[in-house]
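Trainee: I am new to this structure and would like a close look at a single part of it. Could you pick one helix with me and then show how the rest of the chain fits around that view?

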Amino acid sequence: MQEAKRVAKNTGFLYARMAITVFISLYSTRLILAALGVKDFGIFNVVGGAIAMLTFLNNAMSGASQRFMSYAEGEGSYEKQKSIFNVSIVLHSITAVLVVLLLELAGYFLFNGILIIPVDRIEAAELVFHFLVASTFFTIISVPYDAVINAHENMFLVAILGVIEAVIKLGIAFYITYSHSDKLVVYGLCMALLTILTLCLKQLYCRIKYDEVKINIKKYYDKKLFKEMTSFAGWSFLGSTSSMLSFYGQGLVLNMFFGTIVNAAQGIATQVGGQLSSFSGTMLKALNPIIAKSEGSGNRNLMFKATFIGSKVAFFLLMILSIPVIIEMPIIFKYWLKEVPEYTVIFCRLLLIKLLLDQINVNLTTLIAAVGDIKKYQIVVSIVYILPIIVASIAFKLRFPPYSIYIIFIIFSFIAGITNIYFSKKVANLPVNQFCKDVILKIVISFLISLSISALPLLIFEEGFIRLFIVCCTSFIISLLTIWLIGLTSIEKLYFGDFYKSIKANIRKGE
């Protein structure tokens with residue numbers, strides 16, 4: 001019950017943030033696309049895709065540090081948390097320097113024969129790349145602070161910083177709209193400065209708020225812990241780097257074969273997918289620390305329950321939002337964007353299908369990390385992450401269309417899911433039959449019924465705002481019904497009853 005109250009409170013903070021930021025972010029994208037134009041927007045998404053790489057890298061590395069912080073908190077070891085923080089500072093400082101050197105080396109090759117960028121925009125693209133490399137350094141060294149915030153489950157701070165960041169991004173969008181300087185360069189510089197600003201705010205808050213955030217490497221250095229964290233962080237870094245390269249590689253491969261116009265379509269698809277999947281990611285951010293703390297306290301049954309519920313809720317949240325978007329994608333883009341790049345609609349639809357598949361086993365990764373035996377797992381998933389890029393390159397050489405890359409990634413999402421289930425069984429003795437029955441089967445049936453019924457208005461009404469409204473209402477009602485009647489077990493319904501009561505109690509306290 002206590003866990004339900006805590007998750008309810010943190011989830012409330014994060015969804016309040018989303019209610020404010022999601023529309024600001026989507027409107028900012030509209031302004032930026034209009035200000036930069038399709039060509040420069042495409043250039044930013046292939047060169048500035050480093051921002052997305054940094055997000056992957058930061059989240060993965062923060063997760064690795066958070067695992068040790070949350071585990072120690074579950075053990076009740078306060079002094080160990082201080083040692084973990086200081087060791088983490090050393091590890092990420094070394095990593096930051098190495099990554100910056102590697103990025104600069106990679107940049108030389110990217111701008112000398114790999115990227116297809118108009119000659120008159122090469123200089124601007126290189127400046128954008130260097131801005132982002134600089135922000136990379138600050139992103140990586142701030143990872144220990146992100147880990148502390150997440151381990152303490154301080155989602156109020158996460159929510160406040162998210163709102164501040166969204167408002168500043170909107171300000172940047174308005175600024176470049178009326179700027180007379182090179183808009184692409186100004187946008188790249190502003191985004192890099194925003195990254196540094198938000199990270200500095202996190203560091204300042206943590207140093208004031210949390211006692212374990214005291215940098216004294218000489219006093220708190222622990223050789224055994226350093227070795228353990230280095231091993232864990234190294235294998236985590238392998239997996240996160242492979243994931244990062246896979247994500248960024250999509251834009252790179254599309255650029256090499258089809259140019260920056262297709263990159264613009266990919267950038268919009270990524271924006272839509274990111275905004276919708278953040279609804280499920282928000283809930284997981286509040287839930288994930290419980291998984292690591294449960295393993296640290298030796299309560300594996302609670303860890304399994306949190307994993308099962310997390311996987312289902314992550315999928316269902318994204319399903320509720322994705323079904324009407326998948327069905328009515330063309331009309332949504334017509335109202336949202338002034339100019340819709342070619343392939344945008346099919347890119348978005350396929351990406352959302354892939355993201356839905358990823359949600360099914362998203363918490364299994366957290367479960368494996370909580371146990372700590374990740375070496376073989378990270379080696380296998382790294383291969384699974386990289387292979388789609390190789391397969392897509394071969395497909396494009398054989399003259400397959402641009403959207404083939406998303407179909408390939410969907411296939412490998414199935415493979416990744418099987419991999420996660422296998423290693424969860426191996427390292428944590430996951431009850432696979434129960435997971436397949438209570439999670440996967442219920443999810444698939446709920447989704448197929450909801451999608452089929454929600455698509456019926458297409459047979460009756462003509463395309464337009466009225467049909468869009470009917471599809472959204474139908475999808476929302478049918479999805480909730482199928483989730484409650486089919487998707488949830490009787491025990492999970494009781495959990496959600498407690499969750500609802502916790503939310504009501506928090507609202508009443510606020511009043």
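Mentor: Happily; here is a walk that starts with the whole chain, settles on helix 5, and then visits a few single residues.

Please keep in mind from the start that this is a predicted model. The chain averages a pLDDT of 81, and 89% of the residues score at least 70. Confidence is lowest in helix 2 (residues 50-75), where the mean is 64, and highest in helix 17 (residues 432-454), where it is 93. Where pLDDT is low, the predicted coordinates should not be read in detail.

Now for the overall picture. The secondary structure comes to 19 helices and zero strands. Of the 511 residues in the chain, 52% are buried. Among contacts with a separation of 6 or more, 85% are between residues 24 or more positions apart. The accessible surface comes to about 23100 Å², and carbon and sulfur atoms hold 68% of that area.

With that in mind, let us turn to helix 5, which runs over residues 143-151. Nine of its nine residues are buried, so helix 5 is largely enclosed by the rest of the structure. You can follow them along the helix: Val143, Pro144, Tyr145, Asp146, Ala147, Val148, Ile149, Asn150 and Ala151. After helix 5 comes Glu153, and its phi is positive, near 55°. For background, most residues other than glycine have a negative phi.

What does helix 5 meet? One partner is helix 4 (residues 122-141), whose axis comes within 4 Å of the axis of helix 5 and crosses it at roughly 40°. That angle makes helix 4 oblique to helix 5, because oblique covers angles that are neither under 35 degrees, nor 65 to 115, nor over 145. On the helix 4 side, the residues in this contact are Thr139, Ile140 and Ile141, and on the helix 5 side they are Val143, Pro144 and Tyr145. Sorted by character, the residues of this contact are five nonpolar, one polar and no charged.

Helix 5 also comes up when we look at Met69, a residue that lies in helix 2. Leaving aside neighbours within four places in sequence, Met69 is in contact with Ala147, Val148 and Ala151, as well as with Gln81, Ile84, Phe85 and Glu212. Ala147, Val148 and Ala151 are among the buried residues of helix 5. Met69 has a relative accessibility of 3%, so this residue counts as buried. From Met69 to Ser83 there are 14 residues in sequence and 9.8 Å in space, C-alpha to C-alpha. Do remember that helix 2 has the lowest confidence in the chain, with a mean of 64.

Let us compare that with a few residues elsewhere. Arg467 is found in helix 18 (residues 465-487). At 9% relative accessibility, Arg467 counts as buried. Not counting residues up to four places away in sequence, Arg467 touches Glu328, Pro457, Leu458, Phe461 and Glu462.

Trp235 has its place in helix 9 (residues 223-258). With a relative accessible area of 24%, Trp235 is partly exposed. Beyond its neighbours within four places in sequence, Trp235 is in contact with Ile374, Lys375, Gln378 and Ile379. Take the pair Trp235 and Ile379: they are 144 residues apart in sequence, and their C-alpha atoms are 7.7 Å apart in space.

Leu201 is another partly exposed residue, at 33% relative accessibility, and you will find Leu201 in helix 7 (residues 183-209). Leu201 and Leu161 are 40 residues apart along the chain, and 8.3 Å separates their C-alpha atoms.

Finally, glance at two loops, as each holds a residue with a positive phi like Glu153 after helix 5. Tyr343 sits in the loop between helix 12 (329-336) and helix 13 (344-360). Although Tyr343 is not a glycine, its phi is positive, at about 80°, and at 28% relative accessibility Tyr343 counts as partly exposed. Asn429 is found in the loop between helix 16 (404-428) and helix 17. The phi of Asn429 is near 60°, again positive in a residue other than glycine.

How values were computed. Residues numbered from 1 in each chain as written. Predicted model: local features only at pLDDT ≥ 70, side-chain atom pairs only at ≥ 80, totals over all residues. Heavy atoms only, no water. Axes fitted to C-alpha atoms, helices over the stretch in contact; angles between N-to-C directions. Contact = heavy atoms within 4.5 Å. Nonpolar A, V, L, I, M, F, W, Y, C, P; charged D, E, K, R; others polar. Buried < 20%, exposed > 50% of the residue type's maximum accessible area, 1.4 Å probe, protein only. Areas by Shrake-Rupley, 256 points an atom, 1.4 Å probe, with all protein chains shown as cover. pLDDT = per-residue confidence, 0-100.
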